[in-house]
Every structure is written in structure tokens, then in C-alpha cells.
Amino acid sequence: MIMPLRLVSAVYEQVVRLRNRGYDAAWFRTQRLERPVISVGNLTLGGTGKTPAVIALGKMLQGAGYSVSVLLRGYKGRHRGGPLPVSDGRRVRTDSGRAGDEALVIARNLPGALVTVGKDRARAGRWIESRGAVDLHLLDDGFQHRRLHRCLDLVLVDVTNPFGGGRLAPSGRLREPPEALRRADAVILTRTRPGQDYDPLTRQLRRFKPELPCFLSTQTVEPVARRTALGETVEAPLAGCRALAFAGLANPHQFFDSLRGQGVELVQTLPFGDHHRYSARELSAIGGRCRELRVDTAITTEKDAENLPPASLHPAALRMLIARVSFEFVGDGLRELLLGTLSVESR
């Protein structure tokens with residue numbers, strides 16, 4: 001099985017290289033929006049923290065006085081038509097079934113931002129610009145979306161697995177060869193820890209582009225209370241909590257490890273596929289497992305909460321804690337880069 005996967009990866013790599021060569025040589029058309037576009041993406045398949053990074057960048061830019069639009073593909077959502085408004089800056093206007101869970105998480109955590117889903121993100125951006133003033137667009141998962149011109153390409157690199165096993169999908173986790181970092185304007189190292197030395201990794205990344213700016217970020221989990229499909233959730237400290245945790249993420253074990261790092265005693269963990277949409281039967285089974293383990297708390301992520309059906313776990317006394325990933329940038333270097341670039345773009 002390994003050899004067929006490697007063969008597919010080799011073919012996929014050649015397709016990726018040919019496509020990139022086409023854009024580099026201007027064989028393929030790149031579209032521009034009137035307002036600046038900042039792309040947030042990665043080299044690997046999921047799990048680097050793009051969604052919380054987009055939220056953190058949006059808040060940073062809003063704090064600097066910019067009105068922000070977020071453009072997403074709407075992965076795993078049912079919507080297939082033109083631009084779909086997820087948030088008009090005041091309220092959420094659709095659900096995760098149509099727009100995808102990531103769009104809903106961003107809309108709920110970035111009040112004031114215009115969040116729009118559309119397969120053609122250039123069209124979505126023009127649609128936003130035609131309907132009111134916006135200062136800039138954040139392009140979610142945009143590193144490989146080369147059809148849309150951007151003024152900054154920010155690439156997230158997970159320090160726990162920076163090169164996805166060294167192979168392209170499906171035999172590895174890379175979406176592009178690492179030399180694609182030559183297109184990046186800056187790298188954001190995710191899941192860093194205070195006191196650790198990341199200079200060796202920085203040197204590796206700069207082999208592809210000398211003087212590539214590399215910024216550090218940290219991620220922690222925190223509880224958040226919100227009305228979800230399960231009803232009113234309960235906000236409570238994570239530390240000292242005894243719980244069952246479940247998650248449908250690209251790398252759910254990172255989430256589980258983060259909970260343990262926050263002092264949660266995990267009696268059992270249940271991983272599901274990325275963007276998993278839960279059935280009432282699955283929720284009932286989770287509730288039953290909690291009863292067997294004599295656990296009165298279940299923990300999941302904000303993204304998973306958007307994929308829960310309109311049903312409730314049993315017994316009624318079971319607490320459902322929704323955990324949010326808090327994303328913070330280390331130092332002011334990234335903020336200075338963003339504001340400096342936007343200042344030049346506005347001239």
C-alpha cells in the first residue's frame with residue numbers, strides 16, 4: 001500500500017509544481033481586489049491553527065482601526081453558489097451546514113468583521129467591496145489559492161511537525177514542496193513554548209528564502225460558554241476537571257494534549273475525522289460512555305460545537321464544556337509588518 005501512495009504523491013507533486021510554474025510565469029491569470037488582501041495559509045494538511053490565527057489577526061487589525069473582511073472557501077459546507085454572507089458584522093446569518101464550521105467559528109469570535117464564504121473568493125471579495133466600505137480582506141487558507149493577488153502571504157508552520165513527514169499527500173501531509181516558502185512574506189511558528197529554542201527550525205526555513213521573517217505564537221485552550229445545538233453550555237475552569245473529550249479535527253490528539261496541559265484529567269478521548277458532523281446516535285453513545293465511566297463532563301471544541309445536531313446528551317446532568325483555542329503572537333514584530341505593509345498599500 002505504501003508504494004501506490006508514494007506513486008500518487010509523486011504524480012501530485014508534479015501537478016503542483018506545474019501549476020506553480022504557471023503562476024510564476026504569468027501563464028495563469030491572477031485577479032486583484034480594490035482593497036489589500038492578507039493571506040493566511042500553510043504547507044501542510046490542517047492542524048496548524050489557521051482558524052484561531054485568522055481570528056487573532058482580525059482582532060489585531062480591528063484594534064489598529066481597520067475594518068476587516070474574511071474570505072473563506074467554506075470547506076465541508078453545502079453552499080455551492082455565489083458569495084454567502086456568514087456575518088454582516090452584527091449577526092451570524094447562516095449555519096455551519098451551509099457555510100462550514102470554520103466560517104461560523106470565525107464569525108462568532110470576530111464581531112464587526114464581514115465573513116463571507118464562496119468557492120470563487122475573488123468574486124466574494126468584489127461582492128463585499130460593492131456593498132460597503134471595507135479596509136482589507138483576510139484570505140483564510142489562501143497560500144495555495146494563487147488566483148487572488150495578495151499584499152502579504154503569511155504561512156503557519158507547526159513546530160511539532162513542520163514539514164508534514166517530508167512527503168506530499170497522500171503519503172505525507174505536505175500540500176506543496178517546502179521550497180514553496182519562497183513565495184511567503186513571513187512565517188508564523190505555531191504551538192511554540194516559552195523557553196524553547198526555535199533557531200534551528202528558523203534556519204531550516206530560511207534555506208528556502210534568506211531573511212524570511214519568522215514570528216512565534218502560542219496556543220492555549222480555555223472554556224467558553226455559548227448557546228449551542230445542545231442548549232446552554234456551562235463555563236467552568238478546565239484545571240482539575242475530570243472529563244471525556246471528543247473532537248473532529250485534523251489532529252485531535254493535539255487538542256487532547258492541550259487539555260492535559262491545562263490540568264484536565266482525561267478519562268477517555270474520542271477522535272473523529274476532521275469537520276465531522278455528529279449524529280444524534282453518536283451523541284447518545286457519548287453520553288452513554290460518560291455514564292459507564294461515571295464522568296459528568298464532556299469537553300469538545302468550538303468547531304465541533306458547530307457540528308452538533310439539535311439533540312441533547314443524556315443524562316441531563318452531564319456538563320458540556322466547549323473549549324476555545326486562544327492564539328497569541330509573541331512580540332510586536334508581526335503587528336509592525338502588517339501595519340507597515342498596509343500603510344504602503346494605502347498610498
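This passage describes backbone geometry, one helix and a set of salt bridges in a predicted model.

Most residues other than glycine have a negative phi, and most peptide bonds are trans. Against that background, the peptide bond joining A169 and P170 is cis, with omega at about 5°. P170 is placed in the loop that runs between β6 (152–158) and β7 (186–190). Positive phi values in residues other than glycine are found at K76, where phi is near 70°, and at R191, where phi is near 60°. K76 belongs to the loop between β2 (68–72) and β3 (84–88), and this residue counts as exposed because its relative accessibility is 52%, the cut-off for that class being over 50%. R191, by contrast, sits in the loop between β7 and α6 (199–205) and counts as partly exposed, with a relative accessibility of 23%.

A further positive phi, near 55°, occurs at R294, the residue that follows α8. Helix α8 itself comprises 14 residues, 280–293, and its span of 20 Å from the first C-alpha to the last is close to the 20 Å expected at 1.5 Å a residue. Within α8, the residues L283, I286, G287, G288, C290 and L293 are buried. An α-helix has 3.6 residues a turn, so residues three or four places apart point the same way. The buried residues of α8 pack against three strands, namely β11 (242–248), β12 (265–272) and β13 (297–301).

Side chains of opposite charge can pair when their charged atoms come close. In the model, 16 salt bridges are counted. One of them joins the side chains of R108 and E306, with an N to O distance of 2.5 Å. Because R108 lies in helix α4 (residues 101–109) and E306 in the loop between α9 (302–305) and β14 (319–329), this pair ties together parts that are 198 residues apart in sequence. The two partners fall into separate accessibility classes: R108 is partly exposed at 35% relative accessibility, whereas E306 is buried, with a relative accessible area of 12%.

A second salt bridge is formed by R242 and E265, whose closest N and O atoms are 3.8 Å apart. Here R242 lies in strand β11 and E265 in strand β12, so that the pair ties together parts 23 residues apart in sequence. Both β11 and β12 are also among the strands against which the buried residues of α8 pack. With a relative accessible area of 35%, R242 is partly exposed, and E265 likewise counts as partly exposed, at 46% relative accessibility.

The salt bridge between D257 and R260, at 3.0 Å from N to O, lies within a single helix. These residues are 3 positions apart in α7 (residues 252–261), and D257 and R260 are therefore separated by about one helical turn. D257 counts as partly exposed at 49% relative accessibility, which falls under the 50% above which a residue would be classed as exposed. R260 is also partly exposed, at 43% relative accessibility. Finally, salt bridges link E13, R17 and E179 in a network.

Methods:
Residues are numbered from 1 along each chain as its sequence is written. This is a predicted model: local features need pLDDT of at least 70, side-chain atom pairs count only at pLDDT 80 or more; totals for chains, interfaces and linings use all residues. Side-chain values use heavy atoms; hydrogens and water are left out. Helices (H or I, at least four residues) and strands (E, at least two) are DSSP runs, numbered from the N terminus. Buried means under 20% relative accessible area, exposed over 50%, partly exposed in between (1.4 Å probe, protein chains only). The expected span of a helix is 1.5 Å times one less than its number of residues. Contact means heavy atoms within 4.5 Å. A salt bridge is a side-chain nitrogen of Lys or Arg within 4 Å of a carboxyl oxygen of Asp or Glu.
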